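Thank you all for coming. Please take a moment with the sequence and the model on the screen before I go through them.

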Amino acid sequence: MNEDKPISRQRKWQLKMKAEGRCETCGKPCAPFTRCEEHREIQLKKYASHRKKWAQKNKSRTREYRRKYYLKYKDKIMEKQREYRKRKRLEQS
Ligand SMILES: [Zn+2]
């Protein structure tokens, strides 16, 4: 650990509580976890909502979404591809 790095009072408290096997947020004994049941749940919820937001933001990038999109517009996409190929063939000849 880098001792020169300034740590906030909050972080110090969290590390101390962690070392003593207590909840980082309220100081209740909670070994072997880093948080008591209550705060673990809160953290999980926070994380879940964050993930949801992230997923919504990056929806178009996910494979699942692309797959759904493809299945939904399969016919249109195929038609476009066919048209494109036809046009290419005409250009070549
Ligand atoms: Zn707690």
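What radius of gyration does the chain have, against that of a compact globule of 93 residues? The chain has 27 Å, whereas a compact globule of that length would have a value near 12 Å, where the radius is taken over C-alpha atoms and the globule rule is 2.2 Å times the number of residues to the power 0.38.

I should say early that this is a predicted model, in which local features need pLDDT of at least 70 and side-chain atom pairs count only at pLDDT 80 or more, while totals for chains, interfaces and linings use all residues. Residues are numbered from 1 along each chain as its sequence is written. The mean pLDDT, which is the predictor's confidence in each residue from 0 to 100, is 87 for the chain, and 96% of its residues reach 70 or more.

The secondary structure comes to 4 helices and 0 strands, taken as DSSP runs (helices H or I, at least four residues; strands E, at least two) numbered from the N terminus.

Turning to helix α2, its 21 residues, 37–57, should span 30 Å at 1.5 Å a residue, and its end C-alpha atoms are indeed 30 Å apart; the expected span is 1.5 Å times one less than the number of residues. Among those residues the count of buried ones is 0, buried meaning that 20 or more other C-beta atoms, placed from the backbone, lie within 10 Å of the residue's own. Over the 93 residues of the chain, 6% count as buried.

Finally, P32 sits in the loop between α1 and α2, and the peptide bond from A31 to P32 is cis, with omega near 5°.

Conventions:
Buried ≥ 20, exposed ≤ 12 C-beta atoms within 10 Å, placed from the backbone.
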